[in-house]
Amino acid sequence: MSREIKFRAWDKDEKRMLEVYRIGFDGPIDGAQVYCYLDDRGAKGSKECFYDGDGLTLEQFTGLKDRNGQEIYEGDILAWHSNIYRKQDWIGLVKYRGAGFVVQESSRSFSTPDWLETACNKDANIIEVVGNIHENPELLEANK
């Protein structure tokens with residue numbers, strides 16, 4: 001699977017999601033520098049910021065989009081409904097595990113990377129981003 005490599009970052013102190021436009025490794029040996037946009041990227045007057053990595057959670061783009069065209073990142077909470085396998089909506093958290101991105105339903109239940117890619121296929125079209133682990137953790141609690 002060929003995909004665009006990009007990241008977003010959760011600012012733990014400010015409690016907001018940032019768009020990462022560059023990660024630099026040309027500074028101190030013990031860390032990376034993360035450059036983010038505070039507003040819409042490319043918009044007139046958008047602000048840029050710099051982090052030394054502290055206080056951020058980096059999340060990688062999966063290369064997939066949901067049924068509405070929204071990009072899916074690590075940390076996103078997905079919902080889907082399948083009359084074939086389940087009788088109710090299913091909620092899960094996107095994680096990187098092993099050799100790819102998976103959806104975790106519970107502490108012991110994970111999809112496969114192939115399943116996630118197939119579920120995002122235009123023909124299947126059953127996945128929808130409903131939130132993320134930072135801003136909407138209650139969505140996962142309700143699923144237990």
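A salt bridge here is a side-chain nitrogen of Lys or Arg within 4 Å of a carboxyl oxygen of Asp or Glu. With that in hand, the side chains of E59 and R8 make a clear starting point: they meet in a salt bridge, at 2.8 Å from N to O. The structure is a predicted model, and a search through the whole of it turns up 4 salt bridges.

E59 sits in strand β5 and R8 in strand β1 (residues 7–11), so this pair ties together parts that are 51 residues apart in sequence. Neither partner is out in the open: E59 is buried, with a relative accessible area of 4%, and R8 is buried too, with a relative accessible area of 11%. R8 also forms a salt bridge with D76, and here the closest N and O atoms are 2.7 Å apart. Since D76 belongs to strand β7 and R8 to strand β1, the pair links parts that are 68 residues apart in sequence. D76, like R8, is buried.

Another set of charges gathers around K6. Salt bridges that share partners join E4, K6 and E71 into one network. Within it, K6 pairs with E4, the closest N and O atoms being 3.8 Å apart. K6 counts as partly exposed because its relative accessible area is 21%, and buried would mean under 20%. E4 is partly exposed as well, at 49% relative accessibility.

Back to the strand that carries R8. β1 is mostly covered, with 4 of its 5 residues buried. On one side, β1 pairs with β5 in the antiparallel sense over 5 bridges; β1 also pairs, again in the antiparallel sense, with strand β2 (residues 16–24), over 4 bridges. W10 shows both pairings: its bridge partner in β5 is T57, and its bridge partner in β2 is M17. The hairpin of β1 and β2 has 4 residues between the strands, and K15 there takes a positive phi near 55 degrees.

Strand β5 (residues 56–65) also holds Q60. Q60 has a relative accessible area of 15%, so it counts as buried. Setting aside neighbours within four places in sequence, the contacts of Q60 are R3, I5, K6, F7, Y73, E74 and F101.

As for the nonpolar interior, the largest nonpolar core has 13 residues, and those with the most contacts inside it are I72, L78, W80, V103, L116, C120 and I127. Two or more residues of this core come from each of β7 (76–80), β8 (90–97), β9 (100–106), α1 (113–119) and β11 (127–132). A second, separate core of 8 residues includes V34, C49, Y51 and L56. In soluble globular proteins, nonpolar side chains tend to be buried together.

Zooming out, the protein has 2 helices and 11 strands, and along the sequence these follow the pattern β-β-β-β-β-β-β-β-β-β-α-β-α. Of the 144 residues in the protein, 35% are buried. Among contacts with a separation of 6 or more, 44% come from residues 24 or more positions apart. The accessible surface comes to about 9300 Å², and 45% of it belongs to carbon and sulfur atoms.

Technical notes: Residues are numbered from 1 along each chain as its sequence is written. This is a predicted model: local features need pLDDT of at least 70, side-chain atom pairs count only at pLDDT 80 or more; totals for chains, interfaces and linings use all residues. Side-chain values use heavy atoms; hydrogens and water are left out. Buried means under 20% relative accessible area, exposed over 50%, partly exposed in between (1.4 Å probe, protein chains only). Contact means heavy atoms within 4.5 Å. A nonpolar core is a set of buried Ala, Val, Leu, Ile, Met, Phe, Trp, Tyr and Cys residues joined through side-chain atoms within 4.5 Å. Accessible areas come from the Shrake-Rupley method with a 1.4 Å probe; for residues, only the protein chains shown count as cover. Two strands pair if DSSP finds at least two bridges between them.
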